[in-house]
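Biologist: I would like to learn how to read a model like this one, feature by feature. Could we go through it together, with the general idea stated before each case?

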Amino acid sequence: MKKNNYTKSVALALLGMSLLHISCEDGDQVVDQITDDIARGAILRTITFETNEIAVGSSDYVFEVEFEIEDEENGTKVTDIEVYLSFDDNTVEEGETDLSGEEVFIETISTANFTVGPFGFPRGGYSMGLAEMLATFSLQPEDIYVTGGDEFTFRFEILLDDGRSFSLEDNTSTLTGAFLNSPFVYSTIVVCPPLAPSPGTWTINMTDDYGDGWNGASFDITIDDTVFNIALEGAAGTETIEVEEGASSIAIVFNSGEWDPEIGATIVSSTGTVIVEFIADPSQGQEQIHPFGVNLIDYCDLTLDL
């Protein structure tokens, strides 16, 4: 008797790369033979997951995911789902303490209250607020609101009525891909909210200590969807950018060149606020002068008046 398409997909996922040598001409006969000989597992297919960014200053953030259980018996073999959480402090400065937290068990949720979805499989979900996420690792809001990039990761493990369990380590690319979409793991990243630039004239003052220009270095200043590339030829120069009323975001990225320690620059907003400043100092290493290849104003200072 032919197995359904779901069973065949799971069988292929479990076998992974070992099937690459099998001709496509063997088709369903090969899959049917395989599924007769293996113990079939279960997957946790993502239905919705939209809250994957924690905006700095947003204390009401809630991690929320909806998933569907699929197995050889229409999802009824899965009895419970275990929830785990970890935290990666990706913004540790020199001399600071790494606040990363290893994965910890949070709780077990029963599938008894799941409802049957449109395809006949149990559907349910899980949610956790930011306050509880922080408390899990004894963190304060200011611990993650210094700069964008810190990350919380939820991992789910499904438990079957026969004692087996499945999670990330049991996945293959077939399970995590677009068809079955069963990653078992969901990450949420702390991001800086967009900063709105003040309308008017912004000024970029540039110098080069050697006097031969910036040798490939430049600024990329992005206002909404418009990118201005600014660079210096010669020993000194000034450029201006007109910011229109209603502009909603600005990003300033420095692109490294061949002789960065010779470079000096200030960027001043229309309000007179110095947004970026560094001086030429050939005796210093370039990392000591300014950050490279990153948004120079992306440090989540909500009090900054652009």
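Biologist: Let me begin with a detail that caught my eye: which residue lies over the face of Y84, and at what distance from the ring centre?

Modeller: The residue is R155, which lies over the face of Y84 at 4.4 Å from the ring centre. Please keep in mind throughout that this is a predicted model, so the confidence values deserve attention as well.

Biologist: Then what is the mean pLDDT of the protein chain, and where does the pLDDT fall below 50?

Modeller: The general idea is that pLDDT gives the predictor's confidence in each residue, on a scale from 0 to 100. Here the mean over the protein chain is 78, with 75% of the residues reaching 70 or more. Residues 1-39 have pLDDT below 50, and this stretch has 38 contacts in the model beyond near neighbours in sequence. Residues 286-293 also have pLDDT below 50, and for that stretch the model shows 21 contacts beyond near neighbours in sequence.

Biologist: How many helices and strands are there in the protein chain, and what share of its residues is buried?

Modeller: The protein chain contains six helices and 17 strands, and buried residues make up 42% of its 306 residues. Among contacts with a separation of 6 or more, 71% are between residues 24 or more positions apart. The chain exposes about 15900 Å², of which carbon and sulfur atoms supply 48%.

Biologist: Taking a single strand as an example, why is strand 4 largely enclosed by the rest of the structure, and which strands pair with strand 4?

Modeller: As a general idea, the side chains of a regular strand alternate between the two faces of the sheet. Strand 4 covers residues 78-88, and because eight of its 11 residues are buried, it is largely enclosed by the rest of the structure. Strand 4 pairs with strand 8 (residues 151-160) in the antiparallel sense over 10 bridges, and seven bridges join it to strand 5 (residues 101-110), again running antiparallel. V83 shows both pairings, with F156 as its bridge partner in strand 8 and E107 as its bridge partner in strand 5.

Biologist: How is a pair of aromatic rings described, and how many aromatic pairs are counted here?

Modeller: A pair of aromatic rings is described by the distance of the centres and the angle of the planes. The count comes to 17 aromatic pairs. One of them is F67 with F156, an edge-to-face pair at 5.3 Å centre to centre with 70 degrees between the planes. That pair links distant parts of the chain, since F67 is in strand 3 and F156 in strand 8, 89 residues apart, and both F67 and F156 are buried. Another pair is F87 with F152, which is tilted, at 4.7 Å centre to centre and 45 degrees between the planes. F87 lies in strand 4 and F152 in strand 8, so this pair ties together parts that are 65 residues apart in sequence; F87 and F152 are both buried.

Biologist: Which residues form one aromatic cluster?

Modeller: The cluster is formed by F49, F63, F67, F114, Y126, F154, F156 and Y186.

Biologist: Lastly, where is N74 found, and is N74 buried or partly exposed?

Modeller: N74 is found in the loop between strand 3 (62-71) and strand 4, and N74 is partly exposed, with a relative accessible area of 45%. Its phi is near 55 degrees, a positive value in a residue other than glycine.

Notes. Residues numbered from 1 in each chain as written. Predicted model: local features only at pLDDT ≥ 70, side-chain atom pairs only at ≥ 80, totals over all residues. Heavy atoms only, no water. Helix = DSSP H or I, 4+ residues; strand = E, 2+ residues; numbered from the N terminus. Buried < 20%, exposed > 50% of the residue type's maximum accessible area, 1.4 Å probe, protein only. Contact = heavy atoms within 4.5 Å. Areas by Shrake-Rupley, 256 points an atom, 1.4 Å probe, with all protein chains shown as cover. Pairing = 2+ DSSP bridges. Phe/Tyr/Trp six-rings, centres within 6.5 Å; stacked < 30°, edge-to-face > 60°. Lys NZ or Arg CZ within 6 Å of the ring centre and 35° of its normal.
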